[in-house]
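Biologist: Please take me through how the chains of this model relate and how its helices pack. Short answers will do.

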There are 2 protein chains.
Amino acid sequence: MPIYQAPLEDYNFIIDDVLDTYTCFKDIPQFSDVNRELMESILSEAGKFAEQEIQPLNQLGDQQGCRVENGEVIAPPCFKEPMKKYIDAGWTQLSESPEYGGQGLPYLLNGAICEMNLSACTAFSLYGIRDGSIAAIEKNASQEIKDKYLPKLVEGIWGGPMCMTEPQGGSDLGLIKTKAEPQADGSYSVTGTKMFITGGDSDLIENSNSIMLVLARIPGAPDGIKGISLFIVPKFLVNDDGSLGERNHTSVGSIEHKMGLNGSATCVMNYDGAKGFLISKENKGMAAMFAMVNRSRYLIGQQGTAAASVAYQNAAQYALDRIQFRSLTGPKNPDLPADSIIVHPDVRRLLLTQRSFVEGSRAFNLYVAKLFDELDYSQDEDRKTRCQSLLDLLTPILKGFNTEMGWESVNHGLQVFGGHGYIRENGMEQFVRDSRAAAIYEGTTGIQAMDLLARKVLATQGEMLKIFTSEINSFCTENKDHCVVGKMANELQAATARWLELTMEIGMSAMKNPDNLGAASVDYLMYSGYVTLGYFWVRMAQAAADKEKQTPFTQAKLQTAQFYFDRILPRTATLEKTIQAGSASIMEMNAEAFVL
Amino acid sequence: MPIYQAPLEDYNFIIDDVLDTYTCFKDIPQFSDVNRELMESILSEAGKFAEQEIQPLNQLGDQQGCRVENGEVIAPPCFKEPMKKYIDAGWTQLSESPEYGGQGLPYLLNGAICEMNLSACTAFSLYGIRDGSIAAIEKNASQEIKDKYLPKLVEGIWGGPMCMTEPQGGSDLGLIKTKAEPQADGSYSVTGTKMFITGGDSDLIENSNSIMLVLARIPGAPDGIKGISLFIVPKFLVNDDGSLGERNHTSVGSIEHKMGLNGSATCVMNYDGAKGFLISKENKGMAAMFAMVNRSRYLIGQQGTAAASVAYQNAAQYALDRIQFRSLTGPKNPDLPADSIIVHPDVRRLLLTQRSFVEGSRAFNLYVAKLFDELDYSQDEDRKTRCQSLLDLLTPILKGFNTEMGWESVNHGLQVFGGHGYIRENGMEQFVRDSRAAAIYEGTTGIQAMDLLARKVLATQGEMLKIFTSEINSFCTENKDHCVVGKMANELQAATARWLELTMEIGMSAMKNPDNLGAASVDYLMYSGYVTLGYFWVRMAQAAADKEKQTPFTQAKLQTAQFYFDRILPRTATLEKTIQAGSASIMEMNAEAFVL
């Protein structure tokens, strides 16, 4: 049975020593009470909950799976009691607004806790995530709607699934057909079918409601994404006193049988003249939805880190315990019939690839979570603008790069187990199956890459990118003569300069032929990710080196940083070439020749 | 439901136009009757069988799975009838020796058919593979044993599982504990437990026997791999008239519940004083086993190509059919609400990555299969020696590189399907689950890499490598001014030169520190694979360009070749850097720090 240990020391190191969060929060009144002691104690409690209550559900939930009865989802029974405990303990409310019952603590805290929960049991944790829906309602809906729905969403007893995708169009929301007809009472009658709706319904909580955020088209609206509006469609209508009223005309058509995440219900949702309430302006649903997209993508991006983290922990422990063959430099455990496989360089290479991704992306994730906090609560408008730019730039990198690297990492974890990794009871293959979805849902890597390159980088003439690369450059310049990390800082600075040059080159070549943009996009996203993680690795290395007392923890940070620079950052060498290869050999083949 | 189409045109192109097989076979008497017409007609029949009889079993076999009853395996019932047809049609006998009922046709033919069968249904096909066991018996056993066991193995009605791995040691065969005590009648009493035995038992064929090849230790034998002998342990003892006798003391302890290949029984085999017959010389079991290792590894290496091939076909068809978004260069299907996703450069990048691997590795595989034929049947000793060297060098590359790239490819196939790739009924996720084992069994990628770098390359002072690189160089020199492929040939020649330089560098650095060998090994294997596929791509491009008549097929070959040189071969740029990074940042961390 797999193990999981909450990475508390790493959180505290990153939040305090690397990101200097408490200093940054000093001039934000909302966080005047937030200090290391408070954060440490909450993280420690959350870690215990993840380890003791959530992690034991992972394999069981996969076996029990979900089913549909009478148009409603029956979730894995083993999830019920822990979900009640989770809600009762207030874990859903931490970083939500006090106006609706939240505790107003930093989203940073939520970010860390979300990673632990996803590591412990992704399928369970997906039911608990409604940050994006809450944000969308908070930023778009009328006060009446906020007062009616937000308190129970924040409390965690109502679900808030996002219902965008339809069978005929997938990610292309311009093809949405679900229609919403205005009614005399100001509500809308919603009719259509949505699919791939994570947690569209569940029976985990008694007297629960499901507050669905549904994209639909009002009759007469323009074609494409310019004619889409955002609605709330509750499973049960809500009376004025907040109690549950009539059952709305929504039902679960079916759930998908998937490669993994068997404990998480992926629903086809049917709306047959269901009552809905417009929360965006008419035809402005896409803009309203984008208010929640950064958060939703952030959380799924974290799934890459989370899955890699737990897979790494299990692989590392296995590599210590399992004995096979002798070290190339002579026996290390002469009393045993063979050495533990951790002596083999290639096993270490697999483990350090995972570890350097896990810890590097964790620092990246927490940095981004802190941006959400500064954006929401800083009183300095320039700082807010800067945070918004960085968030817009970094979200597609975080989502795309983390889920791709997370996938690579969990597979290395399985590989360390050899044949035993392929066996269900050891749990490694479940990490692989569960995490395969992460590079797909909330926008595939291809979609993130176009969002990054076309919308965030080129459409802003590189403005957002320059904000981030300037920050990297300042840090590198400051540390270029640092006795421990100076060499890394110089290498990073060169890679960052190259990043900007490549951006210019793509921009020029895309003007000649827009397909060059698409052809370079994913490689560009990955290039961006490697440089970004390089930045967080130098920052961690610098913070570790500058600690007064060197410990096994700081030592391991420095060693992993060096590994990242030796073995992972050089992946940019290939990407540089493929980014420059253009689109000719990609576009020349006739469509029909692909099935020759 | 997934589709599968046998790639007959590609086989004929590679076998005849690229490898010039019929000319090569002219001076081999065994193949005097082998010509294009014969080969084409057999491949065409085999293709039909794979498409019509085997492919429909893939999803069903995954659902039905295997179970154990009374120490025997119950395989998926849907496999029974097709297995009978497969055997009745004589497909198991094609390339086996006529002395034991085989048809003595080229192994090349077998290689191609095996790829098709593995594409159609890997789990089913694994029951049909016994080439390695037949080779081991043929090359090691007494005439009496050969006469007793080979005819029914060749006929395909008896199974021939290889039983090496034990729970305590995994791939480290030096740790084998199974003991074989000499008996008065010249037989041995075998006691122990083996695990991960693919098709250790099955009920697919009535009156079947399972002829297990078991590695075990005779009392008093030296420790480690120098004290291991190879035995035949039949499930049923065989009477002198060839009929089945007493049930031997063997049983299936359990079968594994796996990530994939659910239709293939992976058995724990127990031997409780089972009667066994020594077929190697005493304590020379490892050498005897190596007689079969090249063939077994070849077949599993093909699994990478096979899985990628069927996944590619389905992804390409889906990309033509599915419509989402508009082309970056303006609508391509203005009458439809969106364009087919094949217009998007990144979808094409995913597809061409798969395709360039599939076709490149197919040419590589068939080249290697032809080496087996020349080794076995050529009458020219120098040619045989050369073939043996090439086979020894190329087998670990074929196994390691193909299974890693096959894994990457099937995942690209799933990605093209987006969310629908994650759904079981569409079949893409099964290709992913089924093919994850390929980089593990028959020796993990790490083990292949050490075999390649330490045993095949460095221990021979680069002799084997030079044979292959000289062949590449001659081809490149010959074609350096070729108007179509000249540029590719020059690029390949540079990469080949760099391959030799890197080999020298690793050799030098390994003398200083043997861990540098292990640290470079997998990257070296991958480097070798990219250059090797580059060689087969230039050869295919040249053969396509030199065809009298250009067709959509030859055009697609040239375009895919260019894609390979633009987008895949540049991966060597990163590998060059990581190979040179040494082992310091891999080995410095204390073992205990890995679980910090």
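The questions below go from the chain pair to one helix pair.

Biologist: What turn lays chain A on chain B?

Modeller: The model is predicted. Superposing chain A on chain B gives an RMSD of 0.0 Å, with a shift of 0.0 Å along the axis. That is the relation of a two-fold axis. The turn is 180°.

Biologist: How many of the contact residues of chain A recur in chain B?

Modeller: In the contact, 80 residues of chain A meet 79 residues of chain B. The same surface serves both copies. The share that recurs is 99%.

Biologist: Which element gives the largest share of the side of chain A that touches chain B?

Modeller: Several helices of chain A give two or more residues each, among them α10 (285-321), α11 (345-377) and α17 (515-545). By type, this side of chain A divides into 40 nonpolar, 23 polar and 17 charged residues. The largest share is nine residues, and it comes from α18(A).

Biologist: At what angle do the axes of α10 and α11 of chain B cross?

Modeller: These helices span residues 285-321 and 345-377 of chain B. Their axes come within 9 Å. The angle is roughly 145°.

Biologist: Is the crossing of α10(B) and α11(B) left-handed or right-handed?

Modeller: Residues of α10(B), including B:Tyr298, B:Ala308 and B:Ala315, meet residues of α11(B), including B:Leu351, B:Phe357 and B:Val358. The contact of α10(B) with α11(B) divides into 12 nonpolar, seven polar and two charged residues. As α10(B) passes α11(B), the crossing is left-handed.

Methods: Residues numbered from 1 in each chain as written. Chains lettered and ligands numbered in written order. Predicted model: local features only at pLDDT ≥ 70, side-chain atom pairs only at ≥ 80, totals over all residues. Least-squares fit on C-alpha atoms with pLDDT ≥ 70 in both. Contact = placed C-beta atoms within 7 Å. Helix = DSSP H or I, 4+ residues; strand = E, 2+ residues; numbered from the N terminus. Nonpolar A, V, L, I, M, F, W, Y, C, P; charged D, E, K, R; others polar. Axes fitted to C-alpha atoms, helices over the stretch in contact; angles between N-to-C directions. Left-handed = near helix turned anticlockwise from the far one by under 90°.
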